[in-house]
Every structure is written in structure tokens, then in C-alpha cells.
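Okay, thanks for making time, everyone. I'd like to walk through the side-chain contacts in this one, so let me put it up on the screen.

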Amino acid sequence: MQPKSDRDTGSESLPVSSCYSLPVRVYYEDTDAGAVVYYANYLKFCERARTEWLRALGIGQQVMLAEQQLGFVVRSVQADYLAPARLDDALEVRTRIATLRRASLVFDHEIHRDNELLFSARVLVASVDMRRLRPAALPASLHAL
């Protein structure tokens, strides 16, 4: 994903081969009174994609929490709403890791309808020791994946 100024000049979106893809259908509950996806629900779609990607890698967040007392928290979000998604749309949420650090990950997300880019976001997620609510290193097994 390019910085906003590059996106505005028509740069390419995330290549499908470099990212995890999650299909999402827009339901009535996802929309506002105008049958357009409510802005906060784009972030929910991104959250689902991150969770399902971890699950596909064999990482269960509930297991991490129970066995290692580690969880993930969103520290920051930068989002661009480019075009509306509507009731019954079939969307594709594309997710890739932009940066991997010792105790955090930066994810780039894009939401597409067919080949049209509707939404993009950069999300900084921190690994946290849930007992102390302090940053904690990612497990080596997760970091290796």
C-alpha cells in the first residue's frame, strides 16, 4: 500500500499474491439508513481478516491468551474511505504485514468490490501482556511465521 499522496495519483493496490484475502458479504446490519456500509464496520472487516489470517496460520488468539496471557490491541489506525460499499455487495478484504517488529505489527488493509478499491487502512497492532497491560514480545513461533 502506498502513502496517501501516491494513492491519489493512481498507484497500484496490494497484489493479491502478497496478502491474505477474506471474502465478506455486506449484510443489512453492516449498513446505515442509506444502505451504505457504516464507516466503523470497515474496521470490523479488517479485524476479521487479521483474525482469520492468524487462524489460517494455526494461531488461535484464545489459546495465546489462555496459555501465554498475550493479546493484541490496536494502537493506531490511518484510514481512507474512497467509495461506498452497499447492502449485498461481495467484498474482498486484502491484508498484508507492512512491518514486523519485536512487539508489534503494522498491517495494510484494502477492501475491494470486484477490482474497485473502496477502503484502505494502515493499522498498528501491539502485542500486550494482558496481566500487566504492557507491551510484550511476539512469540517466536508467530514471529517466524
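Let's start at Val93. Leaving aside residues up to four places away in sequence, Val93 touches Tyr20, Ser21, Leu22, Val24, Phe45, Cys46, Ala49, Glu110 and Ile111. One thing to keep in mind throughout: this is a predicted model.

So where does Val93 belong? The largest nonpolar core has 29 residues, and Val93 is among those with the most contacts inside it, along with Phe45, Ala85, Leu91 and Ile111. At least two residues of this core come from each of β1 (20-25), α2 (39-56), β3 (90-100), β4 (104-113) and β5 (116-129). Which element gives the largest share? That's α2, with six residues. As general background, nonpolar side chains in soluble globular proteins tend to be buried together.

Now, cysteines. Cys46, which we just met as a contact of Val93, is buried at 1% relative accessibility. Cys19 is buried too, with a relative accessible area of 14%. And how many disulfides are there? The count is zero. The cut-off there is a pair of cysteine sulfur atoms within 2.5 Å.

On to the aromatics. Searching the whole structure turns up eight aromatic pairs. One of them is Tyr38 with Tyr39, a tilted pair with 4.8 Å centre to centre and 55 degrees between the planes. For anyone who wonders why I quote two numbers, a pair of aromatic rings is described by the distance of the centres and the angle of the planes. Tyr38 itself is partly exposed, at 41% relative accessibility. Follow the ring pairs and you get a cluster of Tyr38, Tyr39, Tyr42, Phe45, Tyr81 and Phe119. Notice Phe45 in that list; we already had Phe45 among the core residues with the most contacts.

Next, charges, and here I'd look at Arg50. The charged end of Arg50 sits over the ring of Phe107, 5.8 Å from the ring centre. Arg50 also forms a salt bridge with Glu47, where the closest N and O atoms are 2.5 Å apart. Why do I call that one a local pair? Because Arg50 and Glu47 are three residues apart in helix α2, they are separated by about one helical turn. Buried or exposed, for Arg50? Arg50 counts as buried, at 9% relative accessibility, while Glu47 is partly exposed with a relative accessible area of 37%.

In total, there are nine salt bridges. Another one of them joins Asp89 and Arg113, at 2.7 Å from N to O. This pair links distant parts of the chain, since Asp89 is in the loop between β2 (70-81) and β3 while Arg113 is in strand β4, 24 residues apart. Both partners are buried: Asp89 at 14% relative accessibility, Arg113 at 18%. Add Glu116 and you have a network of salt bridges linking Asp89, Arg113 and Glu116.

Last one for today: Arg132 and Asp129. Their side chains meet in a salt bridge at 3.3 Å, N to O. Here the partners split, with Arg132 exposed at a relative accessible area of 52% and Asp129 buried at 8% relative accessibility.

Okay, that's my tour. Happy to go back to any of these pairs on the screen.

Terms used. Residues numbered from 1 in each chain as written. Predicted model: local features only at pLDDT ≥ 70, side-chain atom pairs only at ≥ 80, totals over all residues. Heavy atoms only, no water. Buried < 20%, exposed > 50% of the residue type's maximum accessible area, 1.4 Å probe, protein only. Phe/Tyr/Trp six-rings, centres within 6.5 Å; stacked < 30°, edge-to-face > 60°. Lys NZ or Arg CZ within 6 Å of the ring centre and 35° of its normal. Core = buried A, V, L, I, M, F, W, Y, C linked by side-chain atoms within 4.5 Å. Helix = DSSP H or I, 4+ residues; strand = E, 2+ residues; numbered from the N terminus. Contact = heavy atoms within 4.5 Å. Salt bridge = Lys/Arg side-chain N within 4 Å of Asp/Glu carboxyl O.
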